[in-house]
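Student: Could you take me through one part of this protein, slowly and in detail? I would like to see how a single strand fits in with what is around it.

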Amino acid sequence: MIQSKLPSVGTTIFTTMSQLAAETGALNLSQGFPDFDGPDALREAVSRHVFSGHNQYAPMTGLPALREQVAIKLQRSYAVTVDPLTEITITPGATQGIFCAIHAVIRPGDEVIVFDPCYDSYEPATELAGGRCVHVQLDLNDFSIDWEKFEAALSPRTRMIVLNSPHNPSGALISRAELDRLATLIAGRDIYLVSDEVYEHLVFDGQPHVSVLAHPELYSRAFVVSSFGKTYHVTGWKTGYVVAPPALTAELRKVHQYVSFCGVTPLQYALADFMAASPEHVEELPAFYQAKRDLFCDLLAPSRFSFTRVAGTYFQLVDYSRIRPDLNDVEMSLWMTREHGVAAIPISVFYQQAPADQRLVRLCFAKREETLREAAAKLCAI
């Protein structure tokens with residue numbers, strides 16, 4: 001009998017809930033993907049490049065034209081200059097980029113601080129590298145960093161901190177003041193950062209996305225990860241990128257080349273073409289998704305769920321305390337799917353130890369208007 005290296009890991013809740021939605025015919029607001037396609041020009045570019053013969057290996061570091069477009073986008077978005085040759089690596093998905101960043105740094109016995117609730121890939125990647133995650137619970141009201149808990153978690157073994165903003169599952173945003181405070185607390189320590197910024201362009205109400213890329217003191221020790229799939233509505237393309245200083249990029253690439261070697265070639269060509277032709281796409285995303293958030297929240301207003309409109313991402317947390325306080329969030333998600341035809345994600349799965357009295361589920365609003373209207377009608381009927 002094989003001894004598992006990840007004994008506590010099974011099928012993810014995202015797979016479970018999507019399968020249950022398919023089996024029951026429920027509307028799938030659980031797993032985070034749009035039910036609409038990416039831009040026509042982007043999808044047409046894939047076909048063009050496939051039939052133009054761009055079907056062999058891309059360079060290990062990513063197609064030069066795409067890395068150049070990423071550098072141009074970062075200059076436009078954050079007024080930062082990065083070298084596409086030595087600081088940008090294209091990866092087959094942001095999750096792979098996070099995995100490679102963790103394995104580039106973490107050795108047996110090292111500790112990685114993560115903030116609960118947190119995305120589920122951070123801990124398995126750390127454990128496979130021989131490290132251990134130290135979980136720091138975010139504030140229960142606004143999901144901000146509890147600095148007393150964070151300082152208590154720091155130790156001589158702390159080697160990495162994983163940030164996530166805009167934050168999945170809460171939609172909370174990190175501020176410049178918080179980044180400044182973090183920089184002060186880890187100054188002089190041999191600590192690195194992974195900054196998971198896959199929802200960087202999904203920020204609402206006129207607020208900016210505060211990127212680690214624009215914080216020189218933190219960027220000098222950081223791997224900043226983003227996702228073309230989230231930005232261009234093509235999550236199934238599984239294409240992302242990692243930006244890091246040259247020395248860290250060199251270590252990341254040592255791992256990346258033996259995990260996947262490279263990303264899918266025609267997709268990279270298509271993304272490079274579209275980014276060059278339509279740089280305004282990322283600037284229009286906040287308004288595009290804010291309209292969906294506002295429509296969904298307006299439709300949910302008469303329901304018995306309570307909520308605060310999220311500041312970022314395409315997820316809305318809702319509190320069901322007035323509906324079924326007797327159910328924990330896993331039970332509630334299953335009940336909603338089976339009995340009311342809407343699949344959600346329980347946020348307890350994002351915690352090492354979830355608060356016992358928390359009654360929150362996560363709903364994805366990256367959906368067509370008709371999907372949101374139908375889902376809201378079902379939720380208002382509960």
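Tutor: Happily; here is a close look at one strand and its partners. This is a predicted model, where local features need pLDDT of at least 70, side-chain atom pairs count only at pLDDT 80 or more, and totals for chains, interfaces and linings use all residues. Residues are numbered from 1 along each chain as its sequence is written, and side-chain values use heavy atoms, with hydrogens and water left out.

Our strand is β5, residues 158–164 (strands are DSSP runs of E, at least two residues, and helices are runs of H or I, at least four, numbered from the N terminus). In β5, 7 of its 7 residues are buried (under 20% relative accessible area with a 1.4 Å probe, protein chains only).

On one pairing, β3 (111–116) runs parallel to β5, joined by 3 bridges; strands pair if DSSP finds at least two bridges between them. Here Glu111 stands opposite Thr158. Strand β6 (residues 192–196) is also parallel to β5, through 5 bridges, and Ile161 stands opposite Leu193 there. To get from β5 to β6 the chain passes through helix α7 (residues 176–186), in a right-handed β-α-β crossover: with the strands pointing away from the viewer, the path from the first strand over the helix to the second runs clockwise.

Now look at Ile161 again. Beyond its neighbours within four places in sequence, Ile161 is in contact (heavy atoms within 4.5 Å) with residues including Ile113, Phe115, Phe150, Leu182 and Leu193.

How values were computed
Buried < 20%, exposed > 50% of the residue type's maximum accessible area, 1.4 Å probe, protein only.
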